[in-house]
Amino acid sequence: MILAFPCIYDFSLTAFKISFLTLAFKVFNKMCLDINFFVSSTFVDMKEYRDAVIKDLQSRAGVINAQEFFGSRDKKPLETCLEELERSQVFVMFLGPRYGSVDSSSGKSFVEREYERAGELNLPR
């Protein structure tokens, strides 16, 4: 499952959290609580939104696969992101004004590559 949330800067964090949680828990209400969520977005501009949603999901729903938790690895950052995405059942994407880090081999942002990979894994769109 892919959930995408455009983040508008005049959209308050409180309103965002309420909107996100209302939608997410309508969707997940009938699912088990051990859900693996992959959180995708640019980091600096979406940090406040990421933190709020990650905190709430951790308290209710289980496992979060997000760059905040990847730690030090021998792989390139994009490889790590895509590997963690493969362990996930739900892809949550925040869209903001930044394009983010670019993968030099494809010319696409990490977020765009993650979104494409989620589709290749047949996560519903």
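The following exercises, each with a worked solution, concern a predicted model.

**Exercise 1. Strand β2**

Determine how many of the residues of strand β2 are buried, and which of them point each way from the strand.

*Solution.* Step 1: β2 spans residues 35-40, and 6 of its 6 residues are buried. Step 2: In a regular strand, side chains alternate between the two faces of the sheet. Step 3: In β2, one direction is taken by Ile-35, Phe-37 and Val-39, and the other by Asn-36, Phe-38 and Ser-40. Step 4: Both sets are buried, in keeping with the description of the strand as mostly covered.

**Exercise 2. The partner strand**

State in which sense β2 and β4 pair, and identify the bridge partner of Val-39 in β4.

*Solution.* Step 1: Strand β4 comprises residues 90-95. Step 2: The pairing of β2 with β4 is parallel and runs over 4 bridges. Step 3: Within this pairing, Val-39 has Val-92 of β4 as its bridge partner.

**Exercise 3. The nonpolar cores**

Describe the largest nonpolar core, and establish which element supplies its largest share.

*Solution.* Step 1: Nonpolar side chains tend to be buried together in soluble globular proteins. Step 2: The largest nonpolar core here has 11 residues: Ile-35, Phe-37, Val-39, Met-46, Tyr-49, Val-53, Ile-54, Leu-57, Val-90, Val-92 and Phe-94. Step 3: At least two residues of this core come from each of β2, α2 (47-60) and β4. Step 4: Helix α2 gives the largest share, with 4 residues. Step 5: Another core, of 9 residues, lies apart from this one and includes Leu-78, Leu-85, Val-111 and Ala-118. Step 6: The bridge partners Val-39 and Val-92 both belong to the core of 11 residues.

**Exercise 4. The buried side of helix α4**

Explain why the buried residues Val-111, Glu-114, Ala-118 and Gly-119 are placed on the same side of α4.

*Solution.* Step 1: Helix α4 covers residues 110-120, and Val-111, Glu-114, Ala-118 and Gly-119 are buried in it. Step 2: These residues lie on the same side of α4 because the arc they cover around the axis is only 140°. Step 3: An α-helix has 3.6 residues a turn, so residues three or four places apart point the same way. Step 4: Just after α4, Asn-122 adopts a positive phi of about 60°.

**Exercise 5. The aromatic cluster**

Classify the ring pair Phe-38 and Phe-91 and the ring pair Phe-91 and Tyr-115 from their geometry.

*Solution.* Step 1: The whole structure contains 2 aromatic pairs. Step 2: For Phe-38 and Phe-91, the ring centres are 5.9 Å apart and the planes are at 5°, so this pair is stacked. Step 3: Phe-38 belongs to strand β2 and Phe-91 to strand β4, so the contact ties together parts 53 residues apart in sequence. Step 4: Phe-38 is buried at 1% relative accessibility, and Phe-91 is buried at 0%. Step 5: For Phe-91 and Tyr-115, the centres are 6.3 Å apart and the planes are at 55°, so this pair is tilted. Step 6: Since Phe-91 lies in β4 and Tyr-115 in helix α4, the second pair ties together parts 24 residues apart in sequence. Step 7: Tyr-115 is partly exposed, at 30% relative accessibility. Step 8: Phe-38, Phe-91 and Tyr-115 are thus linked into a cluster by ring pairs.

**Exercise 6. Salt bridges**

Locate the salt bridge between Lys-47 and Asp-51 in the structure, and then determine which residues Glu-83 is linked with in a network of salt bridges.

*Solution.* Step 1: The structure has 7 salt bridges. Step 2: In the one between Lys-47 and Asp-51, the closest N and O atoms are 2.9 Å apart. Step 3: Both residues lie in helix α2; they are separated by about one helical turn because they are 4 residues apart. Step 4: Lys-47 is partly exposed at 35% relative accessibility, as is Asp-51 at 34%. Step 5: Arg-87 forms a salt bridge with Glu-83, with closest N and O atoms 3.8 Å apart. Step 6: Arg-87 also forms one with Glu-84, at 3.0 Å between the closest N and O atoms. Step 7: Glu-83, Glu-84 and Arg-87 are therefore joined in a network of salt bridges, a salt bridge being counted within 4 Å. Step 8: In this network, Glu-84 is buried at 4% relative accessibility, whereas Glu-83 at 25% and Arg-87 at 49% are partly exposed.

Key
Residues are numbered from 1 along each chain as its sequence is written. This is a predicted model: local features need pLDDT of at least 70, side-chain atom pairs count only at pLDDT 80 or more; totals for chains, interfaces and linings use all residues. Side-chain values use heavy atoms; hydrogens and water are left out. Buried means under 20% relative accessible area, exposed over 50%, partly exposed in between (1.4 Å probe, protein chains only). The arc is that of the directions from the helix axis to the C-beta atoms. Two strands pair if DSSP finds at least two bridges between them. A nonpolar core is a set of buried Ala, Val, Leu, Ile, Met, Phe, Trp, Tyr and Cys residues joined through side-chain atoms within 4.5 Å. Rings of Phe, Tyr and Trp (its six-membered ring) pair if their centres lie within 6.5 Å; planes under 30 degrees apart count as stacked, over 60 as edge-to-face and the rest as tilted. A salt bridge is a side-chain nitrogen of Lys or Arg within 4 Å of a carboxyl oxygen of Asp or Glu.
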